Amino acid sequence: MMRLNLHGYSLDLPPAWSGLEDVTYSDPSTLPPVALAAEGGTGRLMVAEMLFDDDDEQPGSEPEELEALARAWGKRRRLEPLEMGTHERPDGVVATATYLVRGCFVQIWFLSNGDRVVQASYVCPWDERDNEEADREAIVRSLRWS
């Protein structure tokens with residue numbers, strides 16, 4: 001595993017995974033993302049810290065608040081999650097949800113320590129969704145605040 005230090009957080013990359021240069025993603029609610037993929041892999045993982053206009057919008061570190069972010073992600077796209085989950089960690093809370101979006105599998109995660117929120121999303125063709133499951137889950141589990 002290689003530890004990748006980013007803007008205020010870090011994560012571990014499994015062998016064959018690396019950062020990509022051609023990020024063509026624009027979401028005004030996040031800082032510029034880091035795109036990650038495995039050489040010869042089937043999907044792409046994007047990770048970025050979220051921005052909030054005011055403190056009232058900023059979620060804390062309660063599981064329900066992070067789950068609401070995961071549901072809101074789908075709601076903005078008129079989608080219901082296929083699966084959802086939350087769990088507490090020593091450094092905060094993580095919520096995740098999966099979606100079917102135009103033939104693609106999308107899994108999103110939100111990690112909050114009460115002060116900051118990182119969003120991660122993984123996208124691949126629907127039929128390939130199980131191929132990199134262990135790697136993507138390990139990467140997200142390794143996310144740590146700097």
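## Exercises on a predicted model

A search of the whole structure, which is a predicted model, turns up zero disulfides. Let's start there.

**Exercise 1.** Work out how far C104 is from the nearest cysteine sulfur, and decide whether that leaves room for a disulfide.

*Solution.* Take C104 to begin with: the nearest cysteine sulfur belongs to C124 and sits 7.4 Å away. Now go the other way: for C124, the nearest cysteine sulfur is that of C104, at 7.4 Å. A disulfide needs the two sulfur atoms within 2.5 Å. So C104 is in no disulfide, and C124 is in none either. Last step, check the surroundings: C104 is partly exposed at 26% relative accessibility, while C124 is buried, with a relative accessible area of 2%.

**Exercise 2.** Look at the backbone of A16 and R102: what is the sign of phi in A16, and in which loop does R102 lie?

*Solution.* Begin with A16. Phi there is near 80 degrees, a positive value, and the residue is not a glycine. Place A16 next: you'll find it in the loop between β2 (9-13) and β3 (17-19). Then move on to R102, also a non-glycine, where phi is positive at about 45 degrees. R102 belongs to the loop between β7 (92-101) and β8 (104-112). To finish, ask about its accessibility: R102 has a relative accessible area of 81%, so R102 counts as exposed.

**Exercise 3.** Take the open sheet of three strands and find its order. Which strands stand at the edges?

*Solution.* Write down the order: β1-β2-β10, with antiparallel pairing. Then look for strands with a single partner: these are β1 (2-5) and β10 (144-145), so each has one side left without a neighbour in the sheet. Now zoom in on one pair: β2 and β10 run antiparallel and are joined over two bridges. For a landmark, spot Y9, which stands opposite W145 in β10.

**Exercise 4.** Describe the setting of R89: is this arginine buried or exposed, and what does its side chain make a polar contact with?

*Solution.* Locate R89 in strand β6 (residues 83-89). Check accessibility: the value is 13%, and the cut-off for buried is under 20%, so R89 counts as buried. Follow the side chain next: R89 makes a polar contact with the side chain of D91, at 2.8 Å. Finally, list the neighbours, leaving out residues up to four places away in sequence: R89 touches V94, L111, V140, R141, L143 and R144.

Technical notes. Residues numbered from 1 in each chain as written. Predicted model: local features only at pLDDT ≥ 70, side-chain atom pairs only at ≥ 80, totals over all residues. Heavy atoms only, no water. Helix = DSSP H or I, 4+ residues; strand = E, 2+ residues; numbered from the N terminus. Buried < 20%, exposed > 50% of the residue type's maximum accessible area, 1.4 Å probe, protein only. Pairing = 2+ DSSP bridges. Polar contact = N/O pair within 3.5 Å; in protein donor to acceptor, adjacent residues only side chain to side chain. Contact = heavy atoms within 4.5 Å.
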